[in-house]
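Q: Please take a close look at the part where the two chains meet, and at the largest pocket. What is found there?

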Amino acid sequence: MALTTLRPAAARSRGTLHTPGRPKRSLLLTIVTGIVLVYSLIPLIWLLINSTKSQGDLFSTFGLWFGSEFNFFENLARALSYDDGIFLRWLGNTLLYVVAGAGGATLLAVLGGYALAKFDFPGKKAVFAVVIGAVAVPGTALAVPTFWMFSSMSLTDTPWAIIIPSLISPFGLYLMWSFAKEAIPADLMEAARIDGASELRTFWQVCLPLLAPGTVTVLLFTMVATWNNYFLPLIMLRDPDWFPLTLGLNQWNSQAATAGGEAIFDLVLMGSLLTIIPLIIAFLFLQRYWQSGLSAGGVKE
Amino acid sequence: MTNTITSPPARAPRTPHSARTTPAPRRQRSFASRARWTGWGFLAPFMAVFLLVFIAPIAYSIYLSLFHTQLVGGTSFVGFDNYLRAFSDPVFWGGLLRVSLFLAIQVPIMLGISLLVALAVDSGRLYGSDFFRISVFLPYAVPAVVASLMWGFMYGTRFGLVGQINEFFGWSIPDLLGPQIILASIGNIVTWEFVGYNMLIFYAALRVIPSSLYEAAAIDGAGQWRVIGSIKIPAIRGALVVATIFSIIGSFQLFNEPSILQALAPNSITSAYTPNLYAYSLSFAGQQQNYSATVAIVMGVITMVIAYAVQLRGMRKEA
């Protein structure tokens with residue numbers, strides 16, 4: 001707890017050397033840690049290599065090397081056009097769920113985290129207890145009753161069934177609360193108020209810019225959660241036209257097991273690759289922001 | 001979650017006008033009463049949706065768990081009968097035992113690897129440490145569906161990587177999708193997915209340790225291991241507890257990986273392999289909504305009790 005008094009600016013400066021003097025690089029440590037690196041990357045490399053294979057090569061050639069044909073572009077074209085281009089439809093659905101769900105969840109978490117960090121109000125302790133307790137509530141335990149509720153409201157098999165439950169991220173609220181506590185000096189808010197700014201304007205013009213790294217961090221986590229969501233759509237959706245990518249891929253994969261179904265493992269692998277590429281790009285692109293957000297607020301005691 | 005979460009903020013936010021002593025009393029009072037509720041204005045949107053997608057389904061679940069629906073005879077109030085049934089249901093306990101075993105083995109391995117990598121990256125002694133940090137985190141971007149499909153393909157003894165390795169080296173790695181080993185195979189997938197995520201949580205916590213502590217340790221002549229044991233680990237205890245609790249919740253909620261592997265290994269993974277799969281199949285295949293709601297509630301309560309116990313224990317050690 002004592003460490004929370006550390007100023008975020010100091011925590012964020014990336015060049016800080018922890019041990020006095022420059023630590024000597026260790027080849028041995030690099031190699032030992034390299035085992036975990038290889039473990040992390042091998043399945044991704046496997047996926048990349050196998051997305052270039054024809055279905056025949058997939059089963060007959062060594063998994064970690066290229067097959068006799070280079071079918072990457074052919075697989076790509078087939079994955080995008082299979083079944084009247086249903087994959088693109090799934091991609092569009094996923095984007096919709098991410099923009100509305102993760103975007104909305106981030107907005108609600110920022111507003112709520114700011115409220116919990118910077119204001120005293122009646123019932124605040126109760127809110128804390130309930131929302132933090134909710135982190136421990138199994139998402140899957142909720143999904144089934146939510147389905148019955150939504151079903152009676154005729155919301156199942158519509159995008160709302162995915163978007164509305166995605167709007168709440170207790171972990172996002174927690175991250176935002178601990179970030180806002182550090183990042184906004186009370187004096188600054190007072191100064192804005194003395195100048196006659198309304199609460200909304202103080203939030204919008206003074207506080208929101210300071211919350212940016214935390215916001216990006218929460219956005220990243222809610223984005224991953226929504227993009228990768230499987231259980232909720234599995235329960236809520238029957239119509240493949242509303243499927244997100246995860247559900248669609250699983251349908252492609254299980255197609256081989258159904259009677260008369262065509263095995264399309266080559267398309268499953270290409271589709272998997274296409275599903276993870278956007279998130280990986282987002283990670284690399286935003287990493288400077290969200291990592292500082294995580295260190296400055298996030299999880300430190 | 002940690003004491004920081006459950007207890008009120010350490011530094012209570014100052015009431016907005018506390019520094020202002022001059023304004024007329026009346027104006028100050030009206031501002032104060034307005035400020036008392038301002039926080040709710042910002043929190044209201046979250047709480048409104050929260051009520052709809054958290055509180056209402058939980059309440060509805062509890063309500064459902066008290067009834068029993070039969071094809072003939074309709075719905076009747078049965079009190080705690082469903083709970084009694086759950087407590088003497090060997091299928092439910094079998095699933096619970098399985099996820100407990102999973103938890104006891106997978107979580108320590110995963111968190112141990114995460115901690116070692118975080119310490120290694122933080123030490124500044126790695127060549128290309130940025131590359132390490134980002135690469136190990138990448139699997140977190142991979143959906144459970146894709147991760148399970150990839151690993152499922154690789155596990156296959158006939159067509160997969162394991163089969164090819166067996167053939168090439170003349171080894172006999174057993175069938176990783178067989179009923180004896182599949183739990184470990186699932187553990188490997190989950191470990192792969194979340195090592196980087198936990199590593200990042202630990203790394204973020206390590207980054208905010210004030211360098212004055214390290215300077216003091218250097219003056220005292222403490223070595224690397226001493227610094228790790230006496231400064232780094234105690235300083236990130238909170239992050240360790242958070243990660244442990246999230247992992248416990250994840251283990252008890254195990255669903256995606258076994259559900260997807262089921263297509264590849266139907267003989268190894270039953271429809272009640274984990275309590276969650278059980279609740280799902282009761283509800284959607286078995287048409288037993290009431291009992292399914294009961295199973296979900298019992299699991300939720302068990303999860304919360306254990307998460308709370310870990311939090312208490314983790315935080316007591318700190319004192």
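A: The answer below goes through the contact between the chains, then the pocket, then one helix.

This is a predicted model, in which local features need pLDDT of at least 70, side-chain atom pairs count only at pLDDT 80 or more, and totals for chains, interfaces and linings use all residues. Residues are numbered from 1 along each chain as its sequence is written, chains are lettered from A and ligands numbered from 1 in the order in which they are written, and side-chain values use heavy atoms, with hydrogens and water left out.

Chain A brings 120 residues to the contact and chain B brings 113, where contact means heavy atoms within 4.5 Å. Together the chains bury about 11,000 Å², 75% of it on carbon and sulfur atoms; buried area is the accessible area (1.4 Å probe) that two parts lose on being put together, summed over both. H14(A) supplies 15 residues, the largest share of the side of chain A that touches chain B. Helices (H or I, at least four residues) and strands (E, at least two) are DSSP runs, numbered from the N terminus. That side of chain A divides into 79 nonpolar, 25 polar and 16 charged residues. Here Ala, Val, Leu, Ile, Met, Phe, Trp, Tyr, Cys and Pro count as nonpolar, Asp, Glu, Lys and Arg as charged, and the others, Gly among them, as polar. Between chain A and chain B there are 0 salt bridges, a salt bridge being a side-chain nitrogen of Lys or Arg within 4 Å of a carboxyl oxygen of Asp or Glu.

The largest pocket holds about 580 Å³ of space. A pocket is an open set of points on a 1 Å grid over the protein atoms alone, where a 1.4 Å probe fits, with protein on both sides within 12 Å along at least five of seven lines; lining residues have an atom within 4 Å of a point. Grid points are joined across faces, edges and corners, and the volume is the space filled by probe spheres set on the points. Of the 29 lining residues, Gly152(B), Gly156(B), Phe159(B), Leu177(B) and Leu264(B) are closest to the centre. Elements giving two or more residues to this lining include helix H14 (265-296) of chain A and helix H6 (144-155) of chain B. By class, the lining has 16 nonpolar, 11 polar and 2 charged residues.

Helix H14 of chain A also takes part in a salt bridge: Asp266(A) pairs with Arg78(A), the closest N and O atoms being 2.8 Å apart. Arg78(A) is in helix H4 (residues 72-118), 188 residues away from Asp266(A).
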